[in-house]
Amino acid sequence: MFRTTVMQKAIVAVTGLVMVLFLIAHLSGNLLVFAGPAAINSYAVGLRDVAALLWTVRIVLLGSLVLHVYFTIRLRRLSYQARPVSYRQQQYAASTFASRTMLLTGLLIFSYVAFHLAHFTWGKIYPQYYAATYFLDGRGPVHDVYSMVVRSFQVWWIALLYIVAVTFVALHLVHATQSALQTLGIYHRRYTEPIRKASIVLAVLLWIGYVSIPVAAMAHLLEPLS
Amino acid sequence: MKLTLHIWRQAGPNVPGRFETYQLDDVSPHMSFLEMLDVLNERLIAEGKDPVAFEHDCREGICGSCGMVINGSPHGPRQRTTACQLHMRMFRDGDELWIEPWRARAFPVLKDLIVDRSSFDRIIAAGGYISCHTGGVPDANAIPVPKPAADRAFDAAACIGCGACVAACPNASAMLFVAAKVAHLGSLPQGQPERYRRVRRMVEQMETEGFGHCSNHYECEAACPKGISIEYIAQLNRDLRRAELVGQELLP
């Protein structure tokens, strides 16, 4: 069933769209940092409370990531073999910088995700920031996500690395969303052009949303507790 | 017009090729691109040299024989134009032109600018047909075809199989060609009985031939001299998914 590249591409598209949905959900949670420590810390502990849901989402995401990367690399290898002698000169007429750098941005994002998990999920980078606790009303001491995030992003290289990685995500998404829909056979003479534009708008909005947090921390609009 | 031409010369399929440079001093802007090459070849023959091999037939943009990459664009810089219909007035006096064959594993170079496109023929043979009884001429309009379906099929049938889509694709994918053929027959009532078997077989043959995969750069659509739309690729994707997921035996 998945022998052909067309069907393998469909897997890449579906798993990619799953990760786009995750990016939107993840940002919605992250933006609670602007609502203050109580809001984001209770959200964070709330997520851990629904362990079954959290682990379902984690497994789906991990599965999506693995399939997405595996099939992309497999398909790319075929394409490299498909043109053994390259052109001396190639004039691009329709492809974009984003579409031609999908593999590169994808691999850079993939490496950053490992760092990002080590940092905020496993607490291996700056463990002293990870260890902070917060007294949540009606709950008691909980993991202080707010201070961890703000303190981390006040470290210049962490913020810079994050902004660079988010920029790669946005660049990847400029091509990704509309491409995934085309791969799934969604094309409409009237609506495809607006969908392509919306795909770029989504990428830009996500970029602004994600980048706003380290920028606010560096500008000291957000300050860690104590 | 004076032109400097850098042309890919390759004596045969299994020998390495290289660019050779030629000067042309008296090119008329009214010549077609192929006529310009004819002039060069006349000179090469007079000098006792091997003329540049290139494929051509109708020279009116409908047969799909000619095709070469000119300055990085299949069929040259003019949109929706085959190399034979490209005129030298598109270029300027003193221009330097790099002329290369289509480059794809599935299109091996036979000589100079001629590539072997029989991989396209094998894709057609795998499913690009309808089965019907031969015999007397059927009555016109015996099978009603809705106008939108007829238009859709007609637009897809404009594909001349020149291979510019493969040449333009960064992945050397033949998806636009295959999609045009699949959509052409799959849009018509006569094409329905074999619709899902057709898409399956043609895609499988495409991959056996060693074409790359589609990653939606849309270079093919921009390079196509007949303006075949990538919406047919979306249609192929839908049809193939249906064929694979629903199962052949359940399909009409």
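This report walks through a predicted model with chains A and B, beginning with chain B and ending with parts of chain A.

Residues are numbered from 1 along each chain as its sequence is written, chains are lettered from A and ligands numbered from 1 in the order in which they are written. Because the model is predicted, local features need pLDDT of at least 70 and side-chain atom pairs count only at pLDDT 80 or more, while totals for chains, interfaces and linings use all residues.

**Confidence and overall build**

The model scores ipTM 0.93 and pTM 0.95. In chain B the mean pLDDT (the predictor's confidence in each residue, from 0 to 100) is 95, with 98% of residues at 70 or more. The C-alpha atoms of chain B fit a box of roughly 65 × 40 × 35 Å along the principal axes. Its secondary structure comes to eight helices and seven strands; these are DSSP runs numbered from the N terminus, with helices (H or I) of at least four residues and strands (E) of at least two.

Of the 252 residues in chain B, 46% are buried. A residue is called buried if 20 or more other C-beta atoms lie within 10 Å of its own, exposed if 12 or fewer, and partly exposed in between, with C-beta atoms placed from the backbone.

**Two domains in chain B**

An automatic or database domain assignment splits chain B into the two domains tabulated here. The table also gives the residues each domain brings to their contact, where contact stands for C-beta atoms, placed from the backbone, within 7 Å.

| Domain of chain B | Bounds | Residues in the contact |
|---|---|---|
| Domain 1 | residues 3-110 | 18 residues |
| Domain 2 | residues 118-250 | 16 residues |

The C-alpha centres of these two domains lie 29 Å apart. On the domain 1 side of the contact there are eight nonpolar, seven polar and three charged residues. Here Ala, Val, Leu, Ile, Met, Phe, Trp, Tyr, Cys and Pro count as nonpolar, Asp, Glu, Lys and Arg as charged, and the others, Gly among them, as polar.

**The sheet in chain B**

Five strands of chain B form an open sheet with mixed pairing, in the order β2-β1-β5-β3-β4. Strands pair if DSSP finds at least two bridges between them. The edges are β2 (18-24) and β4 (73-74), each pairing on one side only. Strand β1 (residues 3-9) runs antiparallel to β2(B) over seven bridges, and B:Arg9 stands opposite B:Arg18 in β2(B).

**Where the chains meet**

Between the chains, 36 residues of chain B are in contact with 36 residues of chain A. On the chain B side, β5 (96-100), α6 (195-208), α7 (219-223) and α8 (231-246) each supply at least two residues. The largest share, eight residues, comes from α8(B). By class, this side divides into 13 nonpolar, 12 polar and 11 charged residues.

**A look at chain A**

Strands β1 (residues 133-136) and β2 (residues 140-143) of chain A are antiparallel and joined by four bridges. A:Leu136 has A:Gly140 as its bridge partner in β2(A). The two strands make a hairpin with three residues between them, and A:Gly138 in the turn has a positive phi of about 75°.

Helix α7 (residues 145-153) of chain A has nine of its nine residues buried, so it is largely enclosed by the rest of the structure. Among them are A:Tyr146, A:Arg151 and A:Phe153.

A:Val60, in helix α3 (residues 51-82) of chain A, is partly exposed because 14 other C-beta atoms lie within 10 Å. The C-alpha atoms of A:Val60 and A:Tyr80, 20 residues apart along the chain, are separated by 30 Å.

Notes:
Contact = placed C-beta atoms within 7 Å.
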